[in-house]
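User: Got a minute to go through a fold with me? I'd like to start with the sheet and then look at a pocket.
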Amino acid sequence: MSTLSATPDVALAAEFIALEADLLDSRDYAAWLALWVPDGKYVVPVNPDETNYEDMLNYAYDDAAMRDMRVRRLTSGESMSAAHAGRTLRSVSRFRLLGQNDRGDLLVRSAQQLIEYKFNRHRTYAANVEWALRPEGESFRIVEKVVRLLNGGDALAGITFLL
């Protein structure tokens, strides 16, 4: 059993991840975009076991420009799927420090359960989320967020929110 999960960095990372979830549920997309390093990647692979994102099919493989464009579509009403954006509530849990990469970024895995309410119906999305978080002052910036949906290979309804 690893002792890494008992370090204070896990608690700080969990607090940061909870903040990110709250910003998304509150639709505070400007603050959400500010959490990222400029070259950060937001990835939602179709195959939840995939590790080669560049060469495979993804629901999202976003750099800063694509994250910004995705937010503009969600907030402008220009996208058909965003015309009636669902309301969301995220629960994040089971935070585990996996280590650090060679740049000193914390590698964290957590669980996420997201409930969407739209058209008088609830949908639930469950995922394992992997994070690379760069320490910055008393907080972090997101270097990479990989959302591995449990049902990633299934046909998904139009998702009108950020995972």
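The chat below covers the sheet, one helix and one pocket.

Analyst: Sure. One note before we start: this is a predicted model.

User: Okay. What is the strand order in the open sheet?

Analyst: The order is 2-1-6-5-4-3, across 6 strands. The pairing is mixed.

User: Which strands are at the edges?

Analyst: Strand 2 (58-62) and strand 3 (87-100). Each of these two pairs on one side only.

User: And how much twist on average from one strand to the next?

Analyst: The average is 20° from one strand to the next.

User: Let's take strand 1. Which way does strand 1 run against strand 6, parallel or antiparallel?

Analyst: Parallel. Strand 1 covers residues 36-45, strand 6 covers residues 139-149, and 4 bridges join them.

User: What is the bridge partner of Trp36 in strand 6?

Analyst: Ile142 is the partner of Trp36. Further along, Lys41 stands opposite Glu144 of strand 6.

User: How about strand 1 and strand 2, parallel or antiparallel?

Analyst: Antiparallel, over 4 bridges. Within that pairing, Val44 has Ala60 in strand 2 as its bridge partner.

User: Is strand 1 mostly covered or mostly open?

Analyst: Mostly covered. Of the 10 residues in strand 1, 7 are buried.

User: Which strands does helix 3 lie across?

Analyst: Helix 3 (residues 64-76) lies across strand 1 and strand 2. Its direction is at about 70° to strand 1.

User: Switching to pockets. What volume does the second largest pocket have?

Analyst: About 210 Å³.

User: Which lining residues are closest to its centre?

Analyst: Asn101, Leu107, Ala132, Val143 and Glu144, out of 14 lining residues. We met Glu144 earlier, opposite Lys41.

User: Which elements give two or more residues to that lining?

Analyst: Strand 1, strand 4 (106-118), strand 5 (121-136) and strand 6.

User: Which strand gives the most?

Analyst: Strand 5, with 4 residues.

User: Last one. How do the lining residues of the second largest pocket divide into nonpolar, polar and charged?

Analyst: The lining has 6 nonpolar, 2 polar and 6 charged residues.

User: Great. Can you recap strand 1 for my notes?

Analyst: Strand 1 is joined to strand 6 in parallel and pairs with strand 2 in the antiparallel sense. Helix 3 lies across strand 1 and strand 2. Strand 1 also gives two or more residues to the lining of the second largest pocket.

Definitions and conventions
Residues numbered from 1 in each chain as written. Predicted model: local features only at pLDDT ≥ 70, side-chain atom pairs only at ≥ 80, totals over all residues. Heavy atoms only, no water. Pairing = 2+ DSSP bridges. Axes fitted to C-alpha atoms, helices over the stretch in contact; angles between N-to-C directions. Contact = heavy atoms within 4.5 Å. 1 Å grid on protein atoms, 1.4 Å probe; cavity = no way out; pocket = protein on both sides within 12 Å on 5 of 7 lines; lining within 4 Å. Points joined across faces, edges and corners; volume = space filled by probe spheres on them. Nonpolar A, V, L, I, M, F, W, Y, C, P; charged D, E, K, R; others polar. Buried < 20%, exposed > 50% of the residue type's maximum accessible area, 1.4 Å probe, protein only.
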